[in-house]
Amino acid sequence: EVQLQASGGGLVQAGGSLRLSCAASGFTFDDYAIGWFRQAPGKEREGVSCISRSDGSTYYADSVKGRFTISSDNAKNTVYLQMNSLKPEDTAVYYCAADGFFELRVGTPLYWGQGTQVTVSS
């Protein structure tokens, strides 16, 4: 079965860093893209970043470009989201998801993991 496990969230001061991890299992890793979404209280879910395992293509929301970096470790079947220069507006529950790169880009992935809370204090 397809299973995704997100971890790495926590409380950090503005300007600090966190690294989120998404461990995937139950499917051929290279056949899927992995992405990160976030949802803050009272706001719509938004796409943050995704990476295609087929060709290495990446996507970043404009709000996180230059601050966040997505990467993958195929040996560990894990995707990471390095978040630097964090801002209070980055506070949200972060979810990882898996599907084709197209599905992730348009925000309709089929498989979702549980969320991990990221809180940035001001």
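A salt bridge is taken here as a side-chain nitrogen of Lys or Arg within 4 Å of a carboxyl oxygen of Asp or Glu. In the predicted model, Asp 90 meets this criterion with Arg 38, the closest N and O atoms being 2.9 Å apart. Asp 90 is placed in the loop between strand E8 (78-83) and strand E9 (92-99), whereas Arg 38 belongs to strand E4 (residues 33-39), so the pair ties together parts that are 52 residues apart in sequence. Both Asp 90 and Arg 38 are buried; for Arg 38 the relative accessibility is 5%, and the residue therefore falls under the 20% limit for burial.

Arg 38 also forms a salt bridge with Glu 46, for which the closest N and O atoms are 2.7 Å apart. Glu 46 counts as partly exposed because its relative accessible area is 34%. In total, the structure holds 4 salt bridges. Another of these is formed by Asp 62 and Lys 65, with the closest N and O atoms 3.2 Å apart. Both Asp 62 and Lys 65 are exposed. Through salt bridges that share partners, Arg 38, Glu 46, Arg 67 and Asp 90 are joined into one network.

Arg 67, a member of this network, is located in the loop between strand E6 (58-60) and strand E7 (68-73). Its relative accessible area is 10%, and Arg 67 is therefore classed as buried. The side chain of Arg 67 reaches the backbone oxygen of Ser 85 at 3.0 Å. Leaving aside residues up to four places away in sequence, Arg 67 touches Gln 82, Met 83, Asn 84, Ser 85, Leu 86, Lys 87 and Asp 90. Asp 90 is thus listed both among the contacts of Arg 67 and as a salt-bridge partner of Arg 38.

Strand E4, which contains Arg 38, also contributes to an aromatic pair. The model has 2 aromatic pairs. In one of them, Phe 37 and Trp 112 are tilted, at 5.0 Å centre to centre and with 50 degrees between the planes. This pair links distant parts of the chain, with Phe 37 in strand E4 and Trp 112 in strand E10 (residues 111-112), 75 residues apart. The two rings belong to residues in separate accessibility classes: Phe 37 is buried at 5% relative accessibility, while Trp 112 is partly exposed, with a relative accessible area of 33%.

Turning to the strand arrangement, an open sheet is formed by 4 strands in the order E1-E3-E8-E7, with antiparallel pairing. Strand E1 (3-7) and E7 stand at the edges; each has a single partner strand, so one side of each is left without a neighbour in the sheet. On average, neighbouring strands of this sheet are turned by 15 degrees against each other, direction ignored.

The partner of the edge strand E1 is strand E3 (residues 18-25), to which E1 is joined in antiparallel fashion by 5 bridges. Within this pairing, Ala 6 stands opposite Cys 22 in E3, and the bridge partner of Gln 3 in E3 is Ser 25. The side chains of E1 alternate along the strand. Leu 4 and Ala 6 point to one face and are buried, whereas Gln 3, Gln 5 and Ser 7 point to the other face and are not buried. Ala 6, opposite Cys 22, accordingly belongs to the buried face, and Gln 3 to the other.

Further pairings involve strand E11 (residues 116-121), which has a covered face made up of Thr 116, Val 118 and Val 120. Its uncovered face carries Gln 117, Thr 119 and Ser 121. Strand E2 (residues 10-13) pairs with E11 in the parallel sense over 4 bridges, and in this arrangement Leu 11 stands opposite Thr 119. E9 pairs with E11 in the antiparallel sense over 3 bridges, with Gln 117 of E11 as the bridge partner of Val 93. Both Gln 117 and Thr 119 lie on the uncovered face of E11.

Note on methods
Residues are numbered from 1 along each chain as its sequence is written. This is a predicted model: local features need pLDDT of at least 70, side-chain atom pairs count only at pLDDT 80 or more; totals for chains, interfaces and linings use all residues. Side-chain values use heavy atoms; hydrogens and water are left out. Helices (H or I, at least four residues) and strands (E, at least two) are DSSP runs, numbered from the N terminus. Buried means under 20% relative accessible area, exposed over 50%, partly exposed in between (1.4 Å probe, protein chains only). A polar contact is a pair of N or O atoms within 3.5 Å; within protein, one must be able to donate a hydrogen and the other to accept it, and residues adjacent in sequence count only if both atoms are side-chain atoms. Contact means heavy atoms within 4.5 Å. Two strands pair if DSSP finds at least two bridges between them. Axes are lines fitted to C-alpha atoms, for helices over the stretch in contact, and angles run from 0 to 180 degrees between N-to-C directions. Rings of Phe, Tyr and Trp (its six-membered ring) pair if their centres lie within 6.5 Å; planes under 30 degrees apart count as stacked, over 60 as edge-to-face and the rest as tilted.
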